[in-house]
Amino acid sequence: MSTEESNAKPLEYQTEQGEMSIIGFWVFLAAEIALFGTLFATYAVLFGRTADAPAPAELFEPGTVLIMTFILLTSSFTCGIAIHEMRRGSVKGVMTWLIITLALGLSFISLEIYEFIHYAHEGATLQSSAFWSAFFVLAGTHGVHVSLGIGWAILLLIQTAQRGITPITSRKIFIFGLYWHFLDVVWIFIFTGVYLIGMVL
Amino acid sequence: MANQSKKIPYQHIIGFILSITLTLLAAWTAIRSNLPVMWIIIAILAMAVIQAAIQLFMFMHITERGAGNAPWNMMFHGAVVAVILVAGSLFTMSFGFSHDHGGGSHGQHQQEQHEQQHDN
């Protein structure tokens, strides 16, 4: 079960408050799974109810979506490296990898906005049909989460630059890391359940 | 302070390579392969679950001792809730009914139509 880790706990777990905050964040993530579960269920039930709007297979393009997926996967990876650098005690390492993560997150959001504008031009908007409402709410909720994550990381960067790696900043960065990886998990299911299945059916 | 003194995060690199490979494989299965639609859906969903597991175990340190059993508990029960929500909604709302409007509903009847279209 446990790998070859040293006996001492990482810095972010060393205070009781840090440990409680991290456990609390896992509870929040469980609630987020339930939230996205309801959105996926709505999307699945409304699948195909496109009314007069274009069908998903006409609009979904594998190219853009694959690029978005790779960007988000890479950002999840760089965020993991940031946590790794944090545990090695390197302020510079954390900052560098977090900034790379942020840049990737921003490009993901830009591509998603571009994609939504493109769909709107083709006649698929939030109002055009039940299917597209479900689609935009599901993908949009994920996009809002990514945007919030970007704002959060900027604040963390400022704090880390001012205070260095302390039990408090390390706990905050670790929790941000959990959030960011979780968004990647949700995106994997959007990529598979929405885009790939939308192109197949 | 430096708890994990390993210089190169092998676990992250392996996880990253696996994720990219699985994404490409899933995209290929959906777009290029000639499998029946049902098999494609099962295969890509299975790959998504594996990728999610990679994120949880290799990136999010779900088995780390710091937070006790909470992470594992939360993710497992969250996943159960999500599966019940999606499968239950589809079961009650879509299966066994046939809708005249739109393609691609999840009923058996439409499924067959799609497979026929796929073959053409």
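**Chain A, its helix α4, and the contact with chain B**

Let me begin at a single residue: just after helix α4 of chain A comes Gly123(A), and the phi angle of Gly123(A) is positive, near 95 degrees. I should say at once that what we are looking at is a predicted model, and everything that follows should be heard with that in mind.

Staying with the helix that precedes this glycine, α4 of chain A covers residues 91-121, and because a helix is expected to advance 1.5 Å a residue, its 31 residues should span 45 Å, which agrees with the 45 Å that separates its end C-alpha atoms. Which residues of α4(A) are buried? They are Val94(A), Trp97(A), Leu98(A), Thr101(A), Leu102(A), Leu104(A), Gly105(A), Phe108(A), Glu112(A) and Tyr119(A), and the elements that cover them include α2 (56-59), α3 (62-87), α5 (130-163) and α6 (167-200) of chain A.

Stepping back to the chain as a whole, chain A has six helices and zero strands, so that, reading from the N terminus on, the order of elements is simply α-α-α-α-α-α. The C-alpha trace of chain A spans about 60 × 30 × 30 Å along its principal axes, and of the 201 residues in chain A, 50% count as buried. If we take the contacts in chain A between residues at least 6 apart in sequence, we find that 83% of them join residues at least 24 apart.

Now to one residue outside the helices, Arg49(A), which sits in the loop between α1 (16-46) and α2 of chain A. Is Arg49(A) buried or partly exposed? Arg49(A) counts as partly exposed, because 18 C-beta neighbours lie inside 10 Å, whereas a buried residue would need 20 or more. Although Arg49(A) and Ala134(A) are 85 residues apart along the chain, their C-alpha atoms are separated by 10.0 Å.

Finally, let me turn to the contact between the two chains, which takes 53 residues from chain A and 51 residues from chain B. On the side of chain B that touches chain A, at least two residues each are supplied by α1 (10-31), α2 (37-59) and α3 (70-93) of chain B, and the largest share, 13 residues, comes from α3(B). As for the character of that side of chain B, its residues divide into 29 nonpolar, 21 polar and one charged.

Technical notes:
Residues are numbered from 1 along each chain as its sequence is written. Chains are lettered from A and ligands numbered from 1 in the order in which they are written. This is a predicted model: local features need pLDDT of at least 70, side-chain atom pairs count only at pLDDT 80 or more; totals for chains, interfaces and linings use all residues. Helices (H or I, at least four residues) and strands (E, at least two) are DSSP runs, numbered from the N terminus. A residue is buried if 20 or more other C-beta atoms lie within 10 Å of its own, exposed if 12 or fewer, and partly exposed in between; C-beta atoms are placed from the backbone. Two residues are in contact if their C-beta atoms, placed from the backbone, lie within 7 Å. Ala, Val, Leu, Ile, Met, Phe, Trp, Tyr, Cys and Pro count as nonpolar, Asp, Glu, Lys and Arg as charged, and the others, Gly among them, as polar. The expected span of a helix is 1.5 Å times one less than its number of residues.
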